[in-house]
Amino acid sequence: MNDAQDLFSLLLQSTDVDPQAIDAIKRTIAEGKDRELCRINAPAFASKHGLDEEHTISAFLHAARVGIFDISWNVLCPGCGGVLDTNATLKTLQKDEYTCALCSTGYSPTLDEMVEVTFTVSPRVRRIAAHNPHELPLVEYFRQIYWASGVDLPEEDFAKTMEAFSLEDIELAPGERAVLPIQLPSEFIIVFEPVTHSVQFIDVKGEPTRERRSLSLVFDRDHIQNQTLEMQPGPLRISLENRTDTRVLPTVFIAGQELHDLLGRRRPFLTAKRLLTNQTFRDLYRTDTLDINQRLKITSLTFLFTDLRGSTELYERVGDLSAFDLVREHFQVLHEIVAAEAGAVVKTIGDAVMATFPTPDRAIAAALRMRDAMRALNDKSGREDLLLKIGVHAGPCIAVSMNERQDYFGQTVNIASRVQNLANAQAIFATRAVVDDNLTADLLHRNALTPVPHEVSLRGIEREIAVYTIP
């Protein structure tokens, strides 16, 4: 615990961490159950303790940076919520496709909903059972290791919940063999092994039989899925063999309503997309995010571009020193607003800013605050020195590493930049993908703002697109 005290003392030296979030983390480490410290879902943690989500995420990031937590980037199956792959950094996420044996479906990973980011307490701070996952009881292995933090598993009586759809289960040590006798009901049966992600589907239908049938299953790292079998209801002896160097946990599931109900219960979790567009993360992990050759897909990300209109005239009018101070103050204000709206500044180019947001409404909220802030700075100086042009667009993109910095590439980025070029200093310009978002529409309605549409041609874009002026 001396290590923990030293690390928390170091953590509290950070000026931008929320003391309430740190207190909740300290209490959980000191008093929480082991499973509460394995793959922590930061938004769920914030909700449970009545904390601000963004402040909580920032606190966990700072705590991980000083060594209190280990960060895990987990590739998820969007169907069952199972963890298909675990990575200590995003750099090791290199596969173009992942297959979920339980769902019998392949997926091309995206950073939106297929990669979660979780936090597990470091062994130097507190030892928990999940630090040795192959010693966890079967039920806890499913809870803490197989299913992702976005599956809303019951806090209590989880074992009873699993009993409702489990026929049998067994633990096999490396090299061990066993026979599992079961009575097949008229249901779709799944023999699933969560360590190797091996599966055997059995479609049980027809007239019941008393004939004793046998099925042999071998668990290794190469053969994770077998052809679906059809069988009649009745007795079945399953011969099991573990050919791996770790224990395996074959479990016989009934693929009925109870299983579907469990997997259908979901809750928000920290996605890789949300973390990549978090200002604290970009500040703390500036050059340690993506490998130079990685190209990771994001289904939808919102881009906001700003630029100062007439900055050349500003330098001419007030002089280099005064103009530099004004521009620097404007950058500081924009950075603060972006961070406050759950966004991140990707880069600045001259007097321009490129920022990202997880959802369109947060970008528009930031744009409105930026406009008001520039008006306030102009009122303070008594001159119209800071005339900010703002453009917003949302859509798919690719996260890349360029010039030792995490960046984004694609047509969505190009359109967002060119929409900003259309804007004047009084209005915010946004595309249909932004203003058609339900949360954005609610935000504009609350502010009594009605977007005005017009079709425009953008350089390099073949078709005209609808751009809306937000007055």
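**Notes on the strands, helix α5 and the cores**

1. A good place to start is the pairing of β1 with β2: the two strands run antiparallel and are joined by four bridges. Please keep in mind throughout that this is a predicted model. Within this pairing, N74 has T86 of β2 as its bridge partner. The two strands make a hairpin with six residues between them, and G81, in the turn, has a positive phi of about 80°.

2. β1 also has strand β5 (residues 115–121) as a partner, again antiparallel, and here seven bridges join the two. If you would like a pair to look at on screen, try I71, which stands opposite F119 in β5.

3. How enclosed is strand β1 (residues 69–76)? Seven of its eight residues are buried, so the rest of the structure largely encloses it.

4. Now to another sheet worth a look. It is open and has five strands, in the order β6-β13-β8-β9-β11, with mixed pairing. β6 (166–169) and β11 (229–231) are the edge strands, each pairing on one side only. From one strand to the next, the twist averages 20°.

5. Inside that sheet, β8 (residues 188–193) pairs with β13 (residues 251–254) in the antiparallel sense, over four bridges. I189 is the residue standing opposite I254 in β13.

6. Which strands does helix α5 (residues 138–146) touch as it packs on this sheet? They are β6, β8 and β13, and the helix direction makes about 75° with that of β13.

7. Helix α5 is itself mostly covered, with eight of its nine residues buried. Among them are aromatic-ring carriers Y141, F142 and Y146, and also E140 and R143. The cover over the buried residues of α5 includes the sheet strands β6, β8 and β13, and in addition β2 (83–87), β3 (98–100) and α6 (158–163). β2, the hairpin partner of β1, is thus worth viewing together with α5, as it is part of that cover.

8. Finally, the cores. In soluble globular proteins, nonpolar side chains tend to be buried together. Here the largest nonpolar core has 91 residues, and I68, F69, F119 and Y408 are those with the most contacts inside it. Helix α4 (residues 53–66) gives this core its largest share, seven residues. A second core, separate from it, has 38 residues, including L304, V345, V435 and A466. You may recognise F119 from point 2, where it stands opposite I71.

Definitions and conventions:
Residues numbered from 1 in each chain as written. Predicted model: local features only at pLDDT ≥ 70, side-chain atom pairs only at ≥ 80, totals over all residues. Heavy atoms only, no water. Pairing = 2+ DSSP bridges. Axes fitted to C-alpha atoms, helices over the stretch in contact; angles between N-to-C directions. Contact = heavy atoms within 4.5 Å. Buried < 20%, exposed > 50% of the residue type's maximum accessible area, 1.4 Å probe, protein only. Core = buried A, V, L, I, M, F, W, Y, C linked by side-chain atoms within 4.5 Å.
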